[in-house]
Amino acid sequence: MLGELARHDILASFFVTGRQLARPGGRNLAERARAAGHWIGNHTLNHSVMFGDSDDPSLPDREIGEAQALIGDLAHPDRLFRPYGGGVIGPRLLSAAAVAHLERGGYTCVLWNSVPRDWEADAAWVDRCLADIEAHDWTVVVAHDLPTGGMAYLPALLERIEALGAEFVQDFPDACVPILRGQVVADLSPITA
């Protein structure tokens with residue numbers, strides 16, 4: 001994936017889980033991504049529980065805090081965080097405890113508007129992604145570097161996006177950043193239990 005992004009001169013943001021970072025070679029890969037100019041953000045420790053589904057007040061400390069400790073100096077200065085949501089943005093995404101943790105920690109919460117299901121590892125995810133891009137003024141695409149094989153279609157996706165004349169940017173639009181550097185800047189009620 002890093003090589004393909006470099007070939008197209010694209011800088012991306014990698015939201016890593018703590019458990020992936022702790023696996024053999026995980027930190028090395030994140031270091032390579034950061035050295036290439038990509039941003040590294042937090043995508044929870046275990047990628048398993050939506051905060052709105054839990055009444056455990058210590059869950060954010062474990063899932064966000066422990067992942068951030070593993071990311072350490074690789075982290076983007078804005079302490080980027082993308083919550084686990086199973087691809088869905090809704091009231092189960094955050095809890096009051098998670099919001100409080102993000103505020104105290106000075107995190108920037110990043111949302112998305114395209115999850116083309118690349119983990120299914122078929123060429124159809126490219127078409128789904130392009131449909132999302134064509135339907136919006138801006139698109140934050142969530143793609144996964146998983147061993148399912150979906151990234152085999154990344155070259156085709158990037159070529160087709162370039163053919164559309166779409167611009168790749170590393171910054172996030174204000175509309176997908178409800179918490180910026182620990183400050184709530186948008187209505188959180190639609191995404192908080």
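**A guided walk through the fold**

Let us start with one pair of charged side chains: Glu120 makes a salt bridge with Arg128, and their closest N and O atoms lie 3.4 Å apart. The model you are looking at is predicted, so please read what follows as a description of that model. Glu120 itself is partly exposed, with a relative accessible area of 38%. Side chains of opposite charge can pair when their charged atoms come close.

Another pair to find is Asp127 with Arg160, whose closest N and O atoms are 2.8 Å apart in their salt bridge. Asp127 belongs to helix 6 (residues 124-135) and Arg160 to helix 7 (residues 154-164), so this bridge ties together parts that stand 33 residues apart in sequence. Both ends are partly exposed: the relative accessible area is 42% for Asp127 and 39% for Arg160. Some bridges also share partners, and in this way Arg117, Glu120, Asp122 and Arg128 are joined into one network.

How many salt bridges are there by this rule? The count comes to 11. One of them joins Arg181 to Asp78, with 2.9 Å between the closest N and O atoms. This pair links distant parts of the chain, 103 residues apart: Arg181 sits in the loop between strand 5 (179-180) and strand 6 (183-184), while Asp78 sits in the loop between helix 4 (59-71) and strand 3 (80-81). Is Asp78 buried or exposed? Its relative accessibility is 17%, so Asp78 counts as buried.

Now step back to the whole chain. The protein has seven helices and six strands, and from the N terminus on they run α-β-α-α-β-α-β-α-β-α-α-β-β. The C-alpha atoms fill a box of roughly 45 × 35 × 30 Å along the principal axes. For 193 residues, a compact globule would have a radius of gyration near 16 Å, and the protein agrees with its 16 Å. Of the contacts between residues at least 6 apart in sequence, 77% join residues at least 24 apart.

What about the inside? Of the 193 residues, 42% count as buried. The largest nonpolar core has 25 residues, and those with the most contacts inside it are Phe51, Phe81, Leu94, Leu102, Leu111, Phe172 and Cys176. Helix 4, strand 3 and helix 5 (96-104) each supply at least two residues of this core, and the largest share, three residues, comes from helix 5. Leu102 is a good residue to click on: leaving aside residues up to four places away in sequence, Leu102 touches Ile64, Phe81, Leu94, Tyr107, Cys109, Ile179 and Gly182. There is also a second, separate core of 22 residues, with Phe14, Ile71, Met151 and Leu158 among them.

Our last stop is helix 3 (residues 26-35), where Gly26, Ala30 and Ala33 are buried. These three cover an arc of only 60° around the axis, so they lie on the same side of helix 3. Which elements do the buried residues of helix 3 pack against? Their neighbours are helix 1 (2-7), strand 1 (13-16), helix 2 (18-22) and strand 2 (39-42). Just after helix 3 you will meet Gly37, which takes a positive phi of about 105°.

Finally, turn to the outside. The accessible surface of the protein comes to about 9700 Å², and 52% of this belongs to carbon and sulfur atoms.

How values were computed:
Residues are numbered from 1 along each chain as its sequence is written. This is a predicted model: local features need pLDDT of at least 70, side-chain atom pairs count only at pLDDT 80 or more; totals for chains, interfaces and linings use all residues. Side-chain values use heavy atoms; hydrogens and water are left out. A salt bridge is a side-chain nitrogen of Lys or Arg within 4 Å of a carboxyl oxygen of Asp or Glu. Helices (H or I, at least four residues) and strands (E, at least two) are DSSP runs, numbered from the N terminus. Buried means under 20% relative accessible area, exposed over 50%, partly exposed in between (1.4 Å probe, protein chains only). A nonpolar core is a set of buried Ala, Val, Leu, Ile, Met, Phe, Trp, Tyr and Cys residues joined through side-chain atoms within 4.5 Å. Contact means heavy atoms within 4.5 Å. The arc is that of the directions from the helix axis to the C-beta atoms. The radius of gyration is taken over C-alpha atoms; the globule rule is 2.2 Å times the number of residues to the power 0.38. Accessible areas come from the Shrake-Rupley method with a 1.4 Å probe; for residues, only the protein chains shown count as cover.
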